[in-house]
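Here are my comments on the model you sent, set out as numbered points. Please read them with the coordinates open.

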Amino acid sequence: MSNQETCKHISAIRQVKLSDGYVCEECIKHNGEWVHLRTCQTCGVTLCCDDSPQKHMTKHYHASQHPVVASAEPGERWLWCYADEAFAEY
């Protein structure tokens, strides 16, 4: 990941937070379903992506302003910054 091409929010991440369990923490409270999961790099919450019906991670960003998420999907190693609409693999 090149800092020259990466936003300041992604560049600031020193250790990627990963999900402890493969569940959307909001969907399981309401018997919801998810497609893919993302882990917030600020607080560590794991929530569902925009392909999921409730789009919990995007709602979390708008409520918290925590900018960067990591894919919580097995085998995927990437980060997304909502604030700067920036993507980076790690």
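**Notes on the sheet and its helix**

1. T39 touches K17, L18, S19, G44, V45, T46, M57, V68, V69, A70 and A72, leaving aside residues up to four places away in sequence. The model is a predicted one, and this contact list should be read with that in mind.

2. T39 is found in strand β1. Is T39 buried or exposed? T39 is buried, because its relative accessible area is 1% and the cut-off for buried is under 20%. A polar contact of 3.0 Å joins the side chain of T39 to that of T46, while L79, 40 residues away in sequence, lies 9.4 Å from T39 in space, C-alpha to C-alpha.

3. The wider setting is an open sheet of five strands in the order β2-β1-β3-β4-β5, with antiparallel pairing. Its edge strands are β2 and β5, each of which pairs on one side only, and the twist from one strand to the next averages 30°.

4. Within that sheet, β1 and β3 run antiparallel and are joined by three bridges, with R38 standing opposite S71 in β3. Helix α2 packs on the sheet and touches β1, β2 and β3, its direction making about 120° with that of β2.

5. Which residues of α2 are buried? In this helix, which spans residues 56-64, they are H56, M57, T58, H60 and Y61, and what covers them includes β1 (37-40), β2 (46-48) and β3 (68-71). As background, residues three or four places apart in an α-helix point the same way, because there are 3.6 residues a turn. M57, one of the buried residues of α2, is also among the residues that T39 touches.

6. Just after α2, Q65 takes a positive phi of about 65°, a backbone value that you may wish to look at in the coordinates.

7. Moving along the sheet, β3 and strand β4 (residues 78-81) run antiparallel and are joined by three bridges, and V69 stands opposite W80 in β4. The hairpin of β3 and β4 has six residues between the strands, and in this hairpin G75 takes a positive phi near 85°.

8. Four bridges join β4 to strand β5 (residues 86-89), and these two strands also run antiparallel, with W78 standing opposite E89 in β5. How many residues lie between the strands in the hairpin of β4 and β5? There are four, and in this hairpin E85 takes a positive phi near 50°.

Note on methods:
Residues numbered from 1 in each chain as written. Predicted model: local features only at pLDDT ≥ 70, side-chain atom pairs only at ≥ 80, totals over all residues. Heavy atoms only, no water. Buried < 20%, exposed > 50% of the residue type's maximum accessible area, 1.4 Å probe, protein only. Contact = heavy atoms within 4.5 Å. Pairing = 2+ DSSP bridges. Polar contact = N/O pair within 3.5 Å; in protein donor to acceptor, adjacent residues only side chain to side chain. Axes fitted to C-alpha atoms, helices over the stretch in contact; angles between N-to-C directions.
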